[in-house]
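Subject: Structure for you to look at

Dear colleague,

I am passing on the structure we spoke about, together with some notes on what was found in it. Please open it beside this message as you read.

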Amino acid sequence: MLSHDRIWSAIDHLAQRNNLTASGLAKRAGLDATSFNRSKRISPDGRKRWPSTESVAKILAATGATLDDFLRLIEPRDAEARIAVPLIGSERAAGHIGANGLPGNGSPMAEVELPGLGQERCFAIEVRDGALAPLYRDGDVLVVSPTAAIRRGDRVVTCLGDGGIMVAELKRRTARAAELSGPVPGEPDRIVLASEIAWMARVMWVRH
């Protein structure tokens with residue numbers, strides 16, 4: 001029998017994989033923003049409440065996850081429960097992605113172990129020296145994948161040709177340029193020419 005706590009935990013982890021809160025995941029799926037609030041998981045009289053199959057289907061469609069992906073979050077397979085990915089500091093993220101899947105000189109500082117992220121090639125960036133403020137603080141770890149498909153609305157790390165890196169939501173991407181949201185609400189969007197982009201990787205997971 002599926003565990004009530006594990007199902008809700010799987011929804012929380014699916015939200016985190018897409019760099020969303022549970023409320024943000026609900027909104028992306030076209031559901032009421034409070035659908036997955038913790039207060040909705042237990043009734044006032046203490047009875048367990050379960051997410052509807054329709055709501056689960058909608059969040060899978062909204063994130064591109066499969067039912068198998070979701071089931072793995074509920075009951076991780078031992079071999080897939082955790083993976084170790086190379087960890088580099090944000091100051092070393094400049095440069096093109098090499099054959100080993102790492103940017104810059106491709107030499108990892110260490111490895112970090114995280115919940116399984118499927119078959120995508122990933123590496124982790126530890127934020128240092130305020131490089132990704134105000135979205136992330138020093139010490140935060142972003143797991144990114146340069147091989148995962150990037151869709152409109154995904155949060156991405158973009159390394160520019162001049163060595164700078166930035167994190168933003170992708171609004172549109174063509175062969176000529178990428179349109180990225182402003183780093184904080186109210187700030188103007190930014191258009192970055194393809195010729196200025198060394199690499200772009202989808203944010204798969206964030207550890208604060």
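The notes below go from the overall fold to the helices, then to the empty spaces, and finally to a few single residues.

Please keep in mind throughout that this is a predicted model, and that every value quoted here was computed from it. The protein has 4 helices and 9 strands, and along the sequence these elements follow the pattern α-α-α-α-β-β-β-β-β-β-β-β-β. Of the 208 residues, 42% are buried. Among contacts with a separation of 6 or more, 57% are between residues 24 or more positions apart.

Helix packing

Two packed helices are described by the angle between their axes and the distance between the axes. For helix H1 (residues 4-17) and helix H4 (residues 67-74), the axes come within 8 Å and cross at roughly 120°, and the crossing is right-handed. On the H1 side the contact is made by Arg6, Ile7, Ala10, Ile11, His13, Leu14 and Arg17, while H4 contributes Phe70, Leu73 and Ile74. Sorted by class, the residues of this contact are 7 nonpolar, 1 polar and 2 charged.

Empty spaces

Rolling a probe the size of a water molecule over the atoms shows where empty space is left. The structure holds 1 cavity of 30 Å³ or more, and the largest cavity has about 40 Å³ of space. Its lining consists of Arg17, Asn18, Asn19, Arg28, Asp154, Arg155, Arg202 and Val203, which by class are 1 nonpolar, 2 polar and 5 charged residues. Arg17 therefore appears in the lining of this cavity as well as in the contact of H1 with H4, if one follows the definition of contact as heavy atoms within 4.5 Å.

The second largest pocket has a volume of about 190 Å³. Gln16, Asn19, Leu20, Thr21, Leu135, Tyr136, Arg155, Val206 and His208 line this pocket, and by class they are 4 nonpolar, 4 polar and 1 charged. Asn19 and Arg155 are named in the lining of the pocket and also in that of the largest cavity.

The loop between S3 and S4

Leucine 135, one of the residues lining that pocket, lies in the loop between strand S3 (123-126) and strand S4 (141-145). With a relative accessible area of 27%, leucine 135 is partly exposed. Its C-alpha is 7.8 Å from that of valine 167, although the two are 32 residues apart in sequence.

Most residues other than glycine have a negative phi, and most peptide bonds are trans. Against that background, two features of this loop deserve a look. Proline 134 is in the loop between S3 and S4, and the peptide bond to proline 134 from alanine 133 is cis, with omega near 5°. Aspartate 129, found in the same loop between S3 and S4, has a positive phi of about 55° although it is not a glycine. Aspartate 129 counts as exposed because its relative accessible area is 71%, which is over the 50% cut-off.

Tryptophan 205

Is tryptophan 205 buried or exposed? Tryptophan 205 lies in strand S9 (residues 197-207), and at 6% relative accessibility it counts as buried, because the cut-off for buried is under 20%. Tryptophan 205 and valine 144 are 61 residues apart in sequence, yet 7.1 Å apart in space from C-alpha to C-alpha.

With best wishes

Note on methods. Residues numbered from 1 in each chain as written. Predicted model: local features only at pLDDT ≥ 70, side-chain atom pairs only at ≥ 80, totals over all residues. Heavy atoms only, no water. 1 Å grid on protein atoms, 1.4 Å probe; cavity = no way out; pocket = protein on both sides within 12 Å on 5 of 7 lines; lining within 4 Å. Points joined across faces, edges and corners; volume = space filled by probe spheres on them. Nonpolar A, V, L, I, M, F, W, Y, C, P; charged D, E, K, R; others polar. Axes fitted to C-alpha atoms, helices over the stretch in contact; angles between N-to-C directions. Helix = DSSP H or I, 4+ residues; strand = E, 2+ residues; numbered from the N terminus. Left-handed = near helix turned anticlockwise from the far one by under 90°. Buried < 20%, exposed > 50% of the residue type's maximum accessible area, 1.4 Å probe, protein only.
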